[in-house]
Amino acid sequence: MIRSVSHSRYAGRALALAFGATALMPLAAVTLAPQPAHALIVFDPKNYTENLLSAARALEQINNQITSLQNEAQMLINQARNLTSLPTSMLSEIEQNFSEMKSLLDEAEQLAYNAQNIDQQFSSTYETFAAGKTNDQLVTAARERWQQSVSAFEDSLKTGAVAVSGIASTQAQTSTLVTASQSAVGVLQAAQAGNQLLAVQAKQMSDLTAMLAAQGRAEALEKARQAAAQEQAREQFSRFMTGTAYSPSSVQMFHQ
């Protein structure tokens, strides 16, 4: 009886140990299993440096592109300025001054500024004026030449007066254009201001040319008149000497 109980006790202990061992086997397997690779954090200094350099290069490229766009925008702004037209224009006033002087020169009487007319009229008035003309006609021709000479001097005075009166307007135009040139925002404005200044200078040269032409015309006509007067005097003296001889006659001075 005693042996049976002891045997049963030992058998129970063995069974309990076997069951416990079997129950602990999965826990041991779970505890000893390796950890997965993605759960580990590894720092690679070389890879980090390469990434940092790549980011710096990309940032530098972006900055270069921004600078390039800024330069292109400034270039377009400068082109727009260079193509901006000058707001100041003196051309209409300059052309009006040209027209005024031209109209005055066109008013020259008789021997005007025309080469063909001068050749024809000068020949008949100052060279062959005495051929086949009577004394009265010679006197009339002399008076005509004197009128031409006086008219030429009058035209010369008018031309000088117009040129002098234009000095004030020329000064105002020059001052306006110089100011516009100094404040020009682009190449086109500066060039246009320069061109208009050249036009003002051309107008001054035109006025000077007109004055010299008028003075030269007056002096030439006066010298031609003097030469024609000497020739006419010789012609009239020759006619007087070859005319009918003088015969004295009694002249009653007072009535008795």
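Ser156 lies in helix H5, and this residue of the predicted model is a convenient place to enter the structure. Ser156 is buried, because its relative accessible area is 13% and the limit for a buried residue is under 20%. Leaving out residues up to four places away in sequence, Ser156 touches Ala214, Gln215 and Ala218.

The residue before Ser156 in the numbering adds a charged pair to this picture. Asp155 forms a salt bridge with Arg217, and the closest N and O atoms are 3.2 Å apart. Asp155 belongs to helix H5 and Arg217 to helix H6, so the pair ties together parts of the chain that are 62 residues apart in sequence. Both Asp155 and Arg217 are buried. In general terms, side chains of opposite charge can pair when their charged atoms come close.

A second salt bridge of helix H5 joins the side chains of Lys158 and Glu154, with 3.6 Å from N to O. Here the partners are separated by about one helical turn, because Lys158 and Glu154 stand four residues apart in helix H5. Lys158 is partly exposed, with a relative accessible area of 37%. Glu154 likewise counts as partly exposed, at 40% relative accessibility. The count of salt bridges comes to seven.

With these details in place, the chain as a whole can be described. The protein chain contains six helices and zero strands, and its pattern along the sequence reads α-α-α-α-α-α. Of its 256 residues, 18% are buried. Among contacts between residues at least 6 apart in sequence, 83% join residues at least 24 apart. The accessible surface of the protein chain amounts to about 19,400 Å², and carbon and sulfur atoms account for 60% of that surface.

Helix H3 shows how burial can be distributed around one helix. This helix covers residues 91-106, and its 16 residues should span 22 Å at 1.5 Å a residue; the end C-alpha atoms are 22 Å apart, which agrees with that expectation. Within H3, the residues Ile94, Asn97, Met101 and Leu104 are buried. Viewed down the axis of H3, the buried residues fall within an arc of 90 degrees, so they line one face of the helix. The cover over the buried residues of H3 includes helix H5 (135-182) and helix H6 (187-241). On the other side of H3, the residues Ser92, Glu95, Gln96 and Asp106 are exposed.

Asp106 also takes part in a salt bridge. Its partner is Lys102, and the closest N and O atoms of the two residues are 3.0 Å apart. Lys102 and Asp106 both lie in helix H3, where they are four residues apart, about one turn of the helix. Asp106 is exposed because its relative accessible area is 52%, and the limit for an exposed residue is over 50%. Lys102, at 47% relative accessibility, counts as partly exposed.

Helix H4 offers two further residues to examine. Phe122 is found in this helix, which comprises residues 115-127, and Phe122 counts as partly exposed at 25% relative accessibility. Although Phe122 and Leu221 are 99 residues apart along the chain, their C-alpha atoms are separated by 9.4 Å. Ser124 also has its place in helix H4. With a relative accessible area of 39%, Ser124 is partly exposed. Apart from its neighbours within four places in sequence, Ser124 is in contact with Phe129 and Lys133. Ser124 and Ala141 are 17 residues apart in sequence, and the distance between them is 9.9 Å from C-alpha to C-alpha.

The description ends at the surface. Phe43, Tyr48 and Leu52 make a nonpolar surface patch of about 380 Å². Of these residues, Tyr48 is found in helix H2, which comprises residues 45-82.

Note on methods
Residues are numbered from 1 along each chain as its sequence is written. This is a predicted model: local features need pLDDT of at least 70, side-chain atom pairs count only at pLDDT 80 or more; totals for chains, interfaces and linings use all residues. Side-chain values use heavy atoms; hydrogens and water are left out. Helices (H or I, at least four residues) and strands (E, at least two) are DSSP runs, numbered from the N terminus. The expected span of a helix is 1.5 Å times one less than its number of residues. Buried means under 20% relative accessible area, exposed over 50%, partly exposed in between (1.4 Å probe, protein chains only). The arc is that of the directions from the helix axis to the C-beta atoms. Contact means heavy atoms within 4.5 Å. Patches are made of residues with over 30% relative accessible area and no salt bridge: like charges are joined within 9 Å, nonpolar side chains (Val, Leu, Ile, Met, Phe, Trp, Tyr) within 5 Å. Accessible areas come from the Shrake-Rupley method with a 1.4 Å probe; for residues, only the protein chains shown count as cover. A salt bridge is a side-chain nitrogen of Lys or Arg within 4 Å of a carboxyl oxygen of Asp or Glu.
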